[in-house]
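The following exercises concern disulfide bonds and their surroundings in a protein chain. Please examine the sequence and the structure before reading each solution.

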Amino acid sequence: MDDKRKRTRLIVSFSLIVFILCATFRGCSSAITQSRNKKKAQSSNPNRFGSSAVFQVWGNVYPDGYYYVTLNVGNPAKPYHLDIDTGSDLTWLQCDAPCVHCFKAPHPPYKPKNNVVFCKDPLCASIYSSKSQPCKKPTDQCDYGVEYADQGSSLGVLVKDAFPLRFTNGSLFGPPLVFGCGYDQQISSSHPFTDGVLGLGNGKISIVSQLRDMGLTRNVFGHCLSSQGGGFLFFGDDLVPSQRIVWMPMSPNSLEKHYSSGPAELLFGQQSTGLKGLYMVFDSGSSYTYFSSLAYKSTLSLVRWKPKEENKKR
C-alpha cells in the first residue's frame, strides 16, 4: 500500500526537484506563452522528448486547503477534477464498478469498459513490495489499496484508458495510462471536493513516469502557484525557468517513493535546536508544514522560552 497525505509537494527531474512560486498569475501565463511561441516551428509528432503538457490549477491554501487540475479521461473524453498530490504516486478516480463507498464529487464516477489491468503488467508489481503482492495468478485483476496520513483511503482495481493531452508543440495525443478505479473510499472531514487524486510521487505508476517511459515528456513536473490562488501545472521541462529559481538535489534514498532533500536540521532563530537527521518530504497534498511530535514539542518550548528571555533583558 502507498502511504501518506495531508497537503504540500512539488517538481521532479530524475534526482532534482523544482519548486516554482510565482508572485502573480500574470508571470505564470507569460511563461506558457513564451514556450508555445518557441514550439510553433517544431514537429507535431508528440512521440519524442521535447514537449510538455500544461494544465490550469484551481484552489488555494485558504480557505480551500488544496489545489486541483482538470484532466480528461476516456474516449469520448470526460473531465475529472484531481487533487494534486506529490506525496503518493497512484492516480485514481472514483469509479462505478459498482461503487461500494463513494463520496460526493463534482462529476459522476468513472465507468470502466473491460479495461482492467492484470497482475502480469509490470505497473501492477510496481505498487507492491515483493512480500505484499496479492496476486495469485498473472491473469488476476490488479487490485490496489492506498492509505493517507489524514486516515483517508481508496480501494479499487487498476485500469487503463486514454488521457487526451495537448502538448506545447501543438500536438494532441491520448496516451493509454494506468490509474486506479476506486470503488471503496473512506474520507476524512478535510477531504477536498474532487473526483480523485493525481499521484505525482516518485514511482513507476505515476502519470509523469508513464509519460516519460512512453517518450512523450521528460521526467519533470512543476507547479506555478499564484499568490491570489490558482496557477498552472506542467509535465515536461519546456517551462522550467532559467532564472529566479533554486535547485536542490533530491536524496536517492527517499523512502516510500517520496521526494526528500535528505536529513535536515531544525534551527530556531538561526540557532541549532539540537534536532538533526529529520526526514522531511515535499508533499503538495498537505496545506501546511507538519513536524513530528518531538520536533513540534521542541519548537513550541523554544517559542515559549524566547519571550521570557527577552523580558529578562529589559
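**Exercise 1: a disulfide and its setting**

In this predicted model, a disulfide is formed by Cys124 and Cys142, with 2.1 Å between their sulfur atoms. Determine the handedness of the Cys124–Cys142 disulfide, and locate both cysteines.

Solution.
1. The torsion about the S-S bond of Cys124 and Cys142 is about 90°, so this disulfide is right-handed.
2. Cys124 belongs to helix H2, whereas Cys142 lies in the loop between H2 and S9; the pair links distant parts of the chain, 18 residues apart.
3. Both Cys124 and Cys142 are buried.

**Exercise 2: classifying accessibility**

Cys119 and Cys135 form a disulfide with their sulfur atoms 1.9 Å apart. Decide whether Cys135 is buried, partly exposed or exposed.

Solution.
1. Buried requires under 20% relative accessible area, and exposed requires over 50%.
2. Cys135 has 22% relative accessibility and therefore counts as partly exposed.
3. Its partner Cys119, at 10%, counts as buried.
4. The torsion about the S-S bond of Cys119 and Cys135 is about -75°, so the link is left-handed.

**Exercise 3: a link across the sequence**

Describe the disulfide that joins Cys95 to Cys181.

Solution.
1. The S to S distance of Cys95 and Cys181 is 1.7 Å.
2. With -55° about the S-S bond, the Cys95–Cys181 link is left-handed.
3. Cys95 lies in the loop between strand S8 and helix H2, and Cys181 in strand S13, 86 residues apart.
4. Cys95 is buried at 0% relative accessible area, and Cys181 is likewise buried at 0%.

Note on methods
Residues numbered from 1 in each chain as written. Predicted model: local features only at pLDDT ≥ 70, side-chain atom pairs only at ≥ 80, totals over all residues. Heavy atoms only, no water. Disulfide = S-S within 2.5 Å. Helix = DSSP H or I, 4+ residues; strand = E, 2+ residues; numbered from the N terminus. Buried < 20%, exposed > 50% of the residue type's maximum accessible area, 1.4 Å probe, protein only.
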